[in-house]
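The following exercises concern a single protein chain. Each task is followed by a solution that proceeds step by step.

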Amino acid sequence: KMKLESTATILDFDPYTQQQYGPVHNFGDVVKCADNRWFRYGLDSGSGNTKGHIELAPAVVADGQNMTVLAAVAIGAFQVKATYGTTAAAAGLYDEGYLIVNAGTGLGQVAKIKHSSKTTASATTDPTGSAYGMIIDLFEPFIVALDTTSKVSVIANTYNGTREATGSTLRPAGVPLISATASYYYWAKTRGVAAVSCSSGD
C-alpha cells in the first residue's frame with residue numbers, strides 16, 4: 001500500500017490527553033484549528049516531557065546512514081536488508097520515517113518506512129543470528145532494483161520519539177500542553193500562540 005495520502009480527519013482530538021498504547025494516528029498527523037493553532041501527533045522517546053517545554057525531533061544516528069545493502073532487491077519489493085553499524089537499535093525506531101537510496105544502483109529513490117527491525121550491537125548480526133543488521137519494510141515498492149553496491153540511509157519520523165529540548169542542535173517538534181508520561185503518545189502544538197518556557201528553571 002502506497003503511503004501517499006491526504007491529511008487525516010481527526011475526530012477524537014484533545015491536546016490535553018495522552019495515551020499509553022498506540023499509535024492510534026500516524027506520527028505527525030496534524031489538526032488545524034479554526035484560530036490557526038496546529039497540533040501534531042507524536043510519541044515521547046521514553047524520558048517524559050513537560051508542558052510548555054520545547055520538544056525536539058529524534059537525533060540522526062550515524063549507524064543508520066550510508067548502510068550497505070546485503071542482498072539484491074527486485075523491482076516491486078517492499079523490503080531491504082542492510083548493515084546498521086555497531087550500536088543496537090530498538091524495533092520500530094524508524095517506523096513512519098523514510099529510506100533513501102543515497103549511492104550505487106537505484107540512487108535517488110525515497111520510500112516511507114512501515115517498520116524497522118531491532119538490531120544488536122554488531123555490524124552484521126541481527127538478534128536471530130542472520131547475516132544482516134536491520135530489516136526495513138516499506139509502504140512503497142522499489143521502482144529500480146538494488147544490488148550490493150547500493151547504499152541506503154534511514155531517517156526517523158520527526159514525531160516518533162521526541163525528547164525535551166536540552167540544546168539547539170536538533171529540529172523542534174512542537175510544544176505539549178500537558179506533561180506527557182515517558183513513552184506515551186500525545187499532541188504537540190506546532191503553530192499559533194503558545195506559552196513556552198525560556199529556561200530550565202521556569
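**Exercise 1. The surroundings of Trp187**

Trp187 is buried, with a relative accessible area of 2%; here buried means under 20% relative accessible area, exposed over 50%, and partly exposed in between (1.4 Å probe, protein chains only). The model is a predicted one, in which local features need pLDDT of at least 70 and side-chain atom pairs count only at pLDDT 80 or more, while totals for chains, interfaces and linings use all residues. Residues are numbered from 1 along each chain as its sequence is written, and side-chain values use heavy atoms, with hydrogens and water left out.

Task: Locate Trp187 and state which residues it touches.

Solution.
- Step 1. Trp187 belongs to strand β12; helices (H or I, at least four residues) and strands (E, at least two) are DSSP runs, numbered from the N terminus.
- Step 2. Not counting residues up to four places away in sequence, Trp187 touches Ile10, Phe13, Asp14, Pro15, His25, Asp29, Val31, Phe39, Arg40, Tyr41, Pro176 and Leu177. Contact means heavy atoms within 4.5 Å.
- Step 3. One of these residues, Val31, is 156 residues from Trp187 along the chain, with 9.3 Å between the C-alpha atoms.

**Exercise 2. Aromatic pairs**

Task: Determine how many aromatic pairs the structure holds, and describe the two that involve Tyr185 with Phe27 and with Tyr41.

Solution.
- Step 1. Rings of Phe, Tyr and Trp (its six-membered ring) pair if their centres lie within 6.5 Å; planes under 30 degrees apart count as stacked, over 60 as edge-to-face and the rest as tilted. A search of the whole structure by this rule yields six aromatic pairs.
- Step 2. Phe27 and Tyr185 are stacked, at 6.3 Å centre to centre and 15 degrees between the planes. Phe27 lies in the segment before β1 (30-32) and Tyr185 in strand β12 (residues 185-191), so this pair ties together parts that are 158 residues apart in sequence.
- Step 3. Both partners are buried: Phe27 has a relative accessible area of 9%, and Tyr185 has 10%.
- Step 4. The rings of Tyr41 and Tyr185 are also stacked, because their centres are 5.9 Å apart and their planes stand at 10 degrees. Tyr41 is in strand β2 and Tyr185 in strand β12, 144 residues apart, and the pair thus links distant parts of the chain. Tyr41 is buried at 0% relative accessibility.
- Step 5. Ring pairs join Phe13, Phe27, Phe39, Tyr41, Tyr185 and Trp187 into a cluster.

**Exercise 3. Charges over a ring**

Task: Which charged ends sit over the ring of Trp38?

Solution.
- Step 1. A charge sits over a ring if NZ of Lys or CZ of Arg is within 6 Å of the ring centre and within 35 degrees of the ring normal.
- Step 2. The charged end of Lys32 meets this rule at 4.3 Å from the centre of the Trp38 ring. The charged end of Arg191 sits over the ring of Trp38 as well, 4.3 Å from its centre.

**Exercise 4. Strand pairing**

Task: Establish the partners of β10 and the strand order of the open sheet.

Solution.
- Step 1. Two strands pair if DSSP finds at least two bridges between them.
- Step 2. Strand β2 (residues 38-44) pairs with β10 (residues 160-164) in the parallel sense over two bridges; Asp44 has Thr162 as its bridge partner in β10.
- Step 3. Strand β3 (residues 55-56) runs antiparallel to β10 and is joined to it by two bridges, with Leu56 partnered by Arg163.
- Step 4. Six strands form an open sheet with antiparallel pairing, in the order β4-β9-β6-β7-β8-β5. Its edge strands, β4 (67-68) and β5 (79-82), each pair on one side only.
- Step 5. Four bridges join β5 to β8, and Ala82 stands opposite Met134 in β8.

**Exercise 5. The loop between β8 and β9**

Task: Are Ser150 and Asp147 buried or partly exposed, and how does each reach Thr105?

Solution.
- Step 1. Ser150 is found in the loop between β8 (134-138) and β9 (151-155), as is Asp147.
- Step 2. Ser150 is buried, at 0% relative accessible area, whereas Asp147 is partly exposed, at 27%.
- Step 3. A polar contact is a pair of N or O atoms within 3.5 Å; within protein, one must be able to donate a hydrogen and the other to accept it, and residues adjacent in sequence count only if both atoms are side-chain atoms. The side chain of Ser150 reaches the backbone oxygen of Thr105 at 2.7 Å, while the side chains of Asp147 and Thr105 are joined by a polar contact of 2.9 Å.
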